[in-house]
Amino acid sequence: DASVTDVSENRTIIRISGRKLFILLAKFLAFNLNTNLANSSSVAQTLFIKIPVILLRLHEHNREPKIDIFTNRSHANYIYKMLVDGTNNMDF
């Protein structure tokens with residue numbers, strides 16, 4: 001006996017970019033992005049506060065930072081709101 005379940009709609013991707021991206025994410029991750037996502041296309045699994053996420057680095061070292069955050073659909077809105085709130089008091 002076997003079973004197949006389609007879970008492709010289980011994940012939401014939040015793409016964020018900007019020169020202060022690593023500073024913003026450091027507010028929510030107990031994780032060194034420069035070490036753990038050292039190369040372009042690096043992937044890491046960690047916790048965003050208490051929410052499991054997968055991070056995908058999409059940029060080269062000399063380019064503007066860009067990262068995809070893969071999360072469960074049910075947590076996407078919360079993570080989005082935390083990121084927006086985290087930009088308060090950041091000098092852009």
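Begin with the salt bridges, of which the count comes to one; the term denotes a side-chain nitrogen of Lys or Arg within 4 Å of a carboxyl oxygen of Asp or Glu. The model on display is predicted, with local features needing pLDDT of at least 70, side-chain atom pairs counting only at pLDDT 80 or more, and totals for chains, interfaces and linings using all residues. Residues are numbered from 1 along each chain as its sequence is written, and side-chain values use heavy atoms, with hydrogens and water left out.

**Stop 1: Asp68 and Arg15**

Select Asp68 and Arg15, which form a salt bridge whose closest N and O atoms are 2.7 Å apart. Asp68 lies in strand S4 and Arg15 in strand S1, so the pair ties together parts that are 53 residues apart in sequence. Helices (H or I, at least four residues) and strands (E, at least two) are DSSP runs, numbered from the N terminus. Asp68 is buried, at a relative accessible area of 4%, whereas Arg15 is exposed, at 55%. Buried means under 20% relative accessible area, exposed over 50%, and partly exposed in between (1.4 Å probe, protein chains only).

**Stop 2: Arg57**

Move next to Arg57, in strand S3, which counts as buried at 3% relative accessibility. Its side chain reaches the backbone oxygen of Leu37 at 2.5 Å. Display Ser41 as well: Arg57 and Ser41 are 16 residues apart in sequence, yet their C-alpha atoms are 5.0 Å apart in space. Leaving aside neighbours within four places in sequence, the contacts of Arg57 (heavy atoms within 4.5 Å) include Phe22, Ser41, Lys66 and Ile67.

**Stop 3: Ile67 and the nonpolar core**

Select Ile67. Beyond its neighbours within four places in sequence, Ile67 is in contact with residues including Ile14, Leu25, Leu33, Leu55 and Arg57. Then show the largest nonpolar core, which has 22 residues; Leu25, Leu33, Phe48, Leu55, Ile67, Ile69 and Leu83 touch the most other members. Two or more residues of this core come from each of strand S1 (11-17), helix H1 (21-26), S2, strand S3 (51-57), strand S4 (66-72) and helix H3 (73-86). H1 gives the most, with four residues. A nonpolar core is a set of buried Ala, Val, Leu, Ile, Met, Phe, Trp, Tyr and Cys residues joined through side-chain atoms within 4.5 Å.

**Stop 4: Helix H3**

Select H3 and look down its axis. Its buried residues are Ala76, Ile79, Leu83 and Gly86. They fall within an arc of 100 degrees, so they line one face of the helix; the arc is that of the directions from the helix axis to the C-beta atoms. These buried residues pack against S1, H1, S2, S3 and S4. Turned away from the buried side is a face carrying the exposed residues Ser74 and Lys81. At 1.5 Å a residue, the 14 residues of H3 should span 20 Å, which agrees with the 20 Å between its end C-alpha atoms. The expected span is 1.5 Å times one less than the number of residues.

**Stop 5: Ala44**

Finish at Ala44, in strand S2 (residues 43-48). Ala44 is buried, with a relative accessible area of 10%. Apart from its neighbours within four places in sequence, Ala44 is in contact with Phe31, Asn36, Leu37, Val53, Ile54 and Leu55. For a distance to check in the viewer, the C-alpha atoms of Ala44 and Ala26, 18 residues apart along the chain, are separated by 14 Å.

Definitions and conventions
A polar contact is a pair of N or O atoms within 3.5 Å; within protein, one must be able to donate a hydrogen and the other to accept it, and residues adjacent in sequence count only if both atoms are side-chain atoms.
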